[in-house]
Amino acid sequence: MSTRERILDAAAEILRTRGVAQATTKEIAQASKVSEPTLYKYFGDKERLLLTVLEERVPGLSRVSVRPGTGDVEDNLTELAHAVLDFYQASIPMLGALLADPQRMAAHREAMSRHGGGPEKAVTGFAAYLRVEQELGRVAPDADPDASASLLIGACFQEAFLRYYAEGPNAPAAPRSCAAALARAVVRPLM
């Protein structure tokens, strides 16, 4: 296993169990049996490491290959919503403690912006998908892609949060039927 992979595996486990606010790069470096300078050589800073963990070690949108103009819009949104549910359920414990510390949250927000990351990316991605489908005539011309994307992403986040709240970090993943119900509630008014 490469050094980069060892770092990502260690970081994913530590971030999942301790959260980004409590995890340190020193702890991650020790767990992956590298020095902190080596960790920074690969990832630059803690936020870049977090983004890479979220992209490569947390199930989510990277596993989905939905393209506008192909398949059924509702099925596509179901696939996307299912991936987002999985992503949020896995990432909530990593990021939750940041909300309680305004100074760390501000620093995190600034770093995410610098790296092109942040929670708004899911909404803008869904809205862009819906906008293209609208241009193709597969979504009603008077539909609001931004509001629809916000509703679907918000519902996914809420569902993931409630699962985590009710059952903790080992809660079972949301079934596809849950994603389908959420997508259907958003898609029907768009058609």
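**Notes on a predicted model**

1. Lys33 sits in the loop that runs between helix 2 (25-31) and helix 3 (36-43). The structure is a predicted model, and this loop is a convenient place to start reading. Phi of Lys33 is near 60°, a positive value in a residue other than glycine. Is Lys33 buried or exposed? With a relative accessibility of 69%, Lys33 counts as exposed, because the cut-off for that class is over 50%.

2. Thr25 belongs to helix 2. Its relative accessibility is 8%, so Thr25 counts as buried. The side chain of Thr25 makes a polar contact with the side chain of Glu36, at 2.5 Å. Once neighbours within four places in sequence are left aside, the residues in contact with Thr25 are Glu36, Leu39, Tyr40 and Lys46.

3. Helix 8 covers residues 145-167, which is 23 residues. Does its length agree or disagree with the expected span? At 1.5 Å a residue, helix 8 should span 33 Å, and its end C-alpha atoms are 33 Å apart, so the two agree.

4. Both ends of helix 8 deserve a look. The N-terminal end of helix 8 is capped by Asp144, which has a side-chain oxygen 3.1 Å from the backbone nitrogen of Asp146. Just after helix 8 comes Gly168, with a positive phi of about 80°.

5. Which residues of helix 8 are buried? They are Pro145, Ser148, Ala149, Leu152, Ile153, Cys156, Ala160 and Arg163. An α-helix has 3.6 residues a turn, so residues three or four places apart point the same way. The buried residues of helix 8 pack against three helices: helix 5 (73-95), helix 7 (120-135) and helix 9 (176-187).

6. Gln89 shows part of the surroundings of helix 8 from the side of helix 5, where Gln89 is found. Gln89 has a relative accessible area of 11% and is therefore buried. Residues up to four places away in sequence not counted, Gln89 touches Ala160 and Arg163, both of which are among the buried residues of helix 8. Gln89 also touches Ala171, Pro172, Ala173 and Ala174.

7. How many disulfides does the structure hold? The number is zero. Cys156 is in no disulfide, and the nearest cysteine sulfur, that of Cys178, is 7.4 Å away. Seen from Cys178, the closest cysteine sulfur is in Cys156, and the 7.4 Å between them is too far for a bond, because a disulfide needs the sulfur atoms within 2.5 Å.

8. The accessibility of these cysteines can be stated as well. Cys156 has 0% relative accessibility and so counts as buried. Cys178, at 15% relative accessibility, counts as buried because the cut-off is under 20%.

9. The largest pocket has a volume of about 1,000 Å³. Its lining is made up of 38 residues, and those that lie nearest its centre are Phe87, Tyr88, Leu95, Gly118 and Pro119. At least two lining residues come from each of helix 4 (46-56), helix 5, helix 6 (102-114), helix 7 and helix 8.

10. Which helix gives the most to the lining of the largest pocket? That is helix 5, with seven residues. Helix 5 thus appears in several of these points: helix 5 holds Gln89, the buried residues of helix 8 pack against helix 5, and helix 5 contributes to the lining of the largest pocket.

Note on methods: Residues are numbered from 1 along each chain as its sequence is written. This is a predicted model: local features need pLDDT of at least 70, side-chain atom pairs count only at pLDDT 80 or more; totals for chains, interfaces and linings use all residues. Side-chain values use heavy atoms; hydrogens and water are left out. Buried means under 20% relative accessible area, exposed over 50%, partly exposed in between (1.4 Å probe, protein chains only). Helices (H or I, at least four residues) and strands (E, at least two) are DSSP runs, numbered from the N terminus. The expected span of a helix is 1.5 Å times one less than its number of residues. Contact means heavy atoms within 4.5 Å. A polar contact is a pair of N or O atoms within 3.5 Å; within protein, one must be able to donate a hydrogen and the other to accept it, and residues adjacent in sequence count only if both atoms are side-chain atoms. On a 1 Å grid over the protein atoms alone, a cavity is a set of points where a 1.4 Å probe fits but cannot get out, and a pocket is an open set with protein on both sides within 12 Å along at least five of seven lines; lining residues have an atom within 4 Å of a point. Grid points are joined across faces, edges and corners, and a volume is the space filled by probe spheres set on the points.
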